[in-house]
Amino acid sequence: MFSPFKFKLPRMFIGHFGVGFGAKAAEPKISLGTYFLAAQFLDLLWPVLILFGVEKVEIKPGITKVTPLDFTYYPISHSLLMVLVWAIAFGFVSWSFRKNKKAAIILGACVLSHWILDLIVHRPDLPLYPGSSEKFGLGLWNSLSATLIIECVFFFGGLMLYWRVTKAINKIGFYGFWLLAALLLVIYIATTFGPPPTSISAIGWTSYYLRTGLIEIVCRGFWKFKNLILALRTSLKPKKRSPPQFLHFHRCHFRVWHSHPRKKQIVCG
Ligand SMILES: [Zn+2]
């Protein structure tokens, strides 16, 4: 099958980005790029450790339906104990810069969420702590359709949450959001259907550049062109909602939020 990439990079991908989108809904003060960084942190660490030979992966075509990779040794980036350490460290760094406890907790949770999502799709290859012989994984990668469903549930669920609490401030913001969502989907499809990778270093480099590239696009969009790209949808969750007005109309009424004049919710009853 045609793929713009030389080979597949079969990791959970859009599901982690979905968590980033969803986190923005919980605490809109933090940039989407930072949430992406937290949700993808372990998979940014992993290719670096692979390239330095600290962690190990083998290419075994057919080992699962979705990925030909056998994650033989990755205790620093993907053991539960170390993931907890990374999550606390990430949250602490965020807290020391912003002094926002809620944001720090959510960012730490995003880092931890990566392990939980990986647990769903990986073969039993995720260790609890470095040196542990017991490994875990529910093995959803043995079914392509189940993998696609779970990735889409997290991705579109996150998009929906993000969509509900943000609003495009201009047309660039509106189209930038959909463009990013489409870009992530295209990259996911292209990297899921392709020949197995040819070398371990190729996996490391491509994995690393793909994720850092995407996160940089989002961060730059936010910091440099506040009006641009997905961060272009400003977080407009109203701090104080004015009480709803009820306009009775036969047996239905409209609930109109003053702060969201365009968002009308029809409640029948
Ligand atoms: Zn991972």
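# Helix packing and burial in a predicted model

Biologist: Why are α2 and α6 called oblique to each other?

Modeller: The axes of helix α2 (residues 32-39) and α6 cross at roughly 40° and come within 7 Å. Angles under 35 degrees count as roughly parallel, over 145 as roughly antiparallel, 65 to 115 as roughly perpendicular, and the rest as oblique. Roughly 40° falls in none of the named ranges, so α2 and α6 are oblique. This is a predicted model, in which local features need pLDDT of at least 70 and side-chain atom pairs count only at pLDDT 80 or more, while totals for chains, interfaces and linings use all residues. Residue numbers start from 1 along each chain as its sequence is written.

Biologist: Which residues make the contact of α2 with α6?

Modeller: T34, Y35, A38 and A39 come from α2, and L107, C110, V111, S113 and H114 from α6. Two residues are in contact if their C-beta atoms, placed from the backbone, lie within 7 Å. By class, 6 of these residues are nonpolar, 3 polar and none charged. Nonpolar covers Ala, Val, Leu, Ile, Met, Phe, Trp, Tyr, Cys and Pro; charged covers Asp, Glu, Lys and Arg; the others, Gly among them, are polar.

Biologist: What makes S113 buried?

Modeller: A residue is buried if 20 or more other C-beta atoms lie within 10 Å of its own, exposed if 12 or fewer, and partly exposed in between. S113 has 23 within 10 Å and is therefore buried. S113 sits in helix α6 and, not counting residues up to four places away in sequence, touches V19 and A39. From A38, S113 is 75 residues away in sequence but 9.3 Å away in space, C-alpha to C-alpha. Across the 269 residues of the protein, 36% count as buried.

Biologist: How do you know that α5 and α6 are roughly antiparallel?

Modeller: Helix α5 (residues 80-98) and helix α6 (residues 101-121) pack at about 155°, with axes 8 Å apart. That angle is over 145, hence roughly antiparallel. Axes are lines fitted to C-alpha atoms, for helices over the stretch in contact, and angles run from 0 to 180 degrees between N-to-C directions. The crossing is right-handed, meaning that the near helix is turned clockwise from the far one by less than a right angle; anticlockwise would be left-handed. The residues of this contact include W86 and W95 of α5 and W115 of α6. The contact divides into 16 nonpolar, 3 polar and 2 charged residues.

Biologist: Why are α1 and α7 called roughly parallel?

Modeller: The angle between helix α1 (residues 14-26) and helix α7 (residues 144-165) is about 25°, with axes 7 Å apart. About 25° is under 35 degrees, so the pair is roughly parallel. α1 and α7 cross in the left-handed sense. The contact of α1 with α7 has 12 nonpolar, 6 polar and 3 charged residues.

Biologist: What counts as a helix or strand?

Modeller: Both are DSSP runs numbered from the N terminus: helices are H or I of at least four residues, strands E of at least two. The protein has 9 helices and 9 strands.

Biologist: What is the mean pLDDT of the protein?

Modeller: The mean is 77, and 70% of the residues reach 70 or more; pLDDT is the predictor's confidence in each residue, from 0 to 100. Over residues 1-7 the value is below 50, and this stretch has 14 contacts beyond near neighbours in sequence. Residues 223-233 also stay under 50, with 37 contacts beyond four places in sequence.
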